[in-house]
Amino acid sequence: MKRISLLSFLLSLAITVSGQSLDSLGLDNSPILNIYESECLNKEFENERGEFDLTGKRVAFYNPVYGRGKMAYFKSFKEYALKGSYVVAELVILTPEENGRYGLDAVISYWNKRSIANPPQYREKILSWVSKNE
């Protein structure tokens, strides 16, 4: 159900947002999300994020095979959305301590068989890698 509402959101985004469209997603690899990226990801992860709002947050994108970065994520995201499908992704919200250490608010891991939330050693390894490579 969540994915259907996301697809509906994307279609409405493509049609109604001030002449903007899916083309407004993934324009650069800056970890700071633009308003369209924030809206899209807030909708995509609405059940997982709780009260956490991605607007204006610093987010790293991690994929163990295809690379990293916001542009690569949204390229895959748009391809699948246009087919009526979705990217398998995990949102990991960083703790205040991790935020201070890595300068990020969250990490989105996609097409990854292994959760980066646990075990802690794997989480630290990934956070260290993405913070150096963003």
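Which residues are exposed on the other side of α5? Pro 120, Gln 121, Lys 125 and Lys 132 are, and the views below show what surrounds them. This is a predicted model, in which local features need pLDDT of at least 70, side-chain atom pairs count only at pLDDT 80 or more, and totals for chains, interfaces and linings use all residues. Residues are numbered from 1 along each chain as its sequence is written, and side-chain values use heavy atoms, with hydrogens and water left out.

**View 1. Helix α5 has a buried side and an exposed side.** Helix α5 covers residues 120-133; helices (H or I, at least four residues) and strands (E, at least two) are DSSP runs, numbered from the N terminus. Its 14 residues should span 20 Å at 1.5 Å a residue, and the end C-alpha atoms are indeed 20 Å apart; the expected span is 1.5 Å times one less than the number of residues. Look for Tyr 122, Arg 123, Ile 126, Leu 127 and Val 130, the buried residues of α5. They cover an arc of only 130° around the axis, so they sit on the same side of α5; the arc is that of the directions from the helix axis to the C-beta atoms. Here buried means under 20% relative accessible area, exposed over 50%, and partly exposed in between (1.4 Å probe, protein chains only).

**View 2. The buried residues of α5 meet their neighbours.** They pack against β1 (59-63), β3 (89-93), α4 and β4 (106-110), where contact means heavy atoms within 4.5 Å.

**View 3. Arg 101 pairs with Glu 97 and with Glu 124.** Both pairs are salt bridges, meaning a side-chain nitrogen of Lys or Arg within 4 Å of a carboxyl oxygen of Asp or Glu. The closest N and O atoms of Arg 101 and Glu 97 are 2.8 Å apart. These two residues lie four residues apart in helix α4 (residues 96-102), so about one helical turn separates them. Arg 101 is partly exposed at 44% relative accessibility, while Glu 97 is exposed at 57%. For Arg 101 and Glu 124, the N to O distance is 2.7 Å. Because Arg 101 belongs to α4 and Glu 124 to α5, this pair ties together parts that are 23 residues apart in sequence. Glu 124 is partly exposed, at 29%.

**View 4. Glu 46 and Lys 43 form another salt bridge.** Their side chains meet at 3.7 Å, N to O. Glu 46 is partly exposed at 32%, and Lys 43 is partly exposed at 26%. The whole structure holds six salt bridges.
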